[in-house]
Amino acid sequence: MTASPFTYRLEQPADHAEIESLHAEAFGPGRFARAAFRLREDVPHDPALSFVALAGDAFVASVRLTPIRIGDRPALLLGPLAVKPPHKGRGAGKQLVRIALEAAREAGHRVVLLVGDEPYYGPLGFVRLARDAITLTTPVDPLRVLVAGLTPDALEGLGGKAERIAAAPTEYA
Ligand SMILES: CC(C)(COP(=O)(O)OP(=O)(O)OC[C@H]1O[C@@H](n2cnc3c(N)ncnc32)[C@H](O)[C@@H]1OP(=O)(O)O)[C@@H](O)C(=O)NCCC(=O)NCCS
């Protein structure tokens, strides 16, 4: 097995400019209208559950988790996940997801939701619930609404509207 070319650590404030520029490059101006963006709009991501990948000292990739609600249950939204183009396909994306999920589990969270491709996220533990079991406030392809349960029974009875939590009056990175 080849050793990973990357190291991973928690995101720090000094990473914000690199992360913002990666998001702009990966998702373009349309990112502000995406369903997932609207779910975390004005809500700070959790810095204890958001990670970056590095190659040496160089920033390579980022994943963020942000608190949301699904029905009456607390949950986390995973995303954006993005990897700088020269480093794609070398495992950073999947490893960031694994690390973020494990940190969330250790912190006592039970459910993580994302809007993304099932073939990529399925092997990482994400599943689709029954059609329209979870609705979003912004139109979204229901086939892309995926959840991961962090405890054995976390997905039982899960459903309802996925919503952003009340915005906190704090810096938005
Ligand atoms: C999607 C993304 C995060 C993947 O990160 P990565 O570090 O390149 O991916 P990994 O190295 O962890 O995994 C690579 C594997 O996933 C596959 N893969 C990548 N994107 C995929 C997708 N959208 N659907 C299915 N499989 C995908 C690759 O084909 C590769 O498969 P292989 O291991 O069989 O060769 C990265 O390509 C990216 O930043 N894309 C632009 C932003 C984006 O779309 N983010 C996701 C939003 S939901």
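Strand β4 gives the largest share of the shell around the ligand, 4 residues. Keep in mind that this is a predicted model: local features need pLDDT of at least 70, side-chain atom pairs count only at pLDDT 80 or more, and totals for chains, interfaces and linings use all residues. Residues are numbered from 1 along each chain as its sequence is written. Helices (H or I, at least four residues) and strands (E, at least two) are DSSP runs, numbered from the N terminus.

Now for the ligand shell. A residue is near a molecule if its C-beta atom, placed from the backbone, lies within 6 Å of it. There are 16 residues around the ligand, and K88, G93, K94, G116 and Y120 come nearest. The elements that each supply at least two shell residues are β4 (73-83), α3 (92-106) and α4 (118-121). By type, the shell splits as follows, with Gly counted among the polar residues.

| Type in the shell | Residues |
|---|---|
| Nonpolar (Ala, Val, Leu, Ile, Met, Phe, Trp, Tyr, Cys, Pro) | 7 |
| Polar (the others) | 5 |
| Charged (Asp, Glu, Lys, Arg) | 4 |

G93 deserves a closer look. This glycine sits in helix α3. With 20 other C-beta atoms within 10 Å, G93 is buried (20 or more is buried, 12 or fewer exposed, in between partly exposed; C-beta atoms are placed from the backbone). Leaving out residues up to four places away in sequence, G93 touches A61, L81 and V83, where contact means C-beta atoms, placed from the backbone, within 7 Å. Its C-alpha is 8.6 Å from that of A53, 40 residues away along the chain.

On to the core. A nonpolar core here is a set of buried Ala, Val, Leu, Ile, Met, Phe, Trp, Tyr and Cys residues joined through C-beta atoms within 7 Å. The largest one has 42 residues, with L78, A100, V112 and L113 making the most contacts inside it. Several elements supply at least two residues each, including α1, β2 (51-55), β3 (58-70) and β5 (111-115). Strand β4 gives the most, 7 residues. As for A100, its contacts beyond four places in sequence are L49, F51, V63, L65 and L78.

Strand β7 (145-149) also feeds that core. It is largely enclosed by the rest of the structure, because 4 of its 5 residues are buried. β5 and β7 run antiparallel, joined by 5 bridges (strands pair if DSSP finds at least two bridges between them). In that pairing, V115 stands opposite V145 in β7.

Notes
Two residues are in contact if their C-beta atoms, placed from the backbone, lie within 7 Å.
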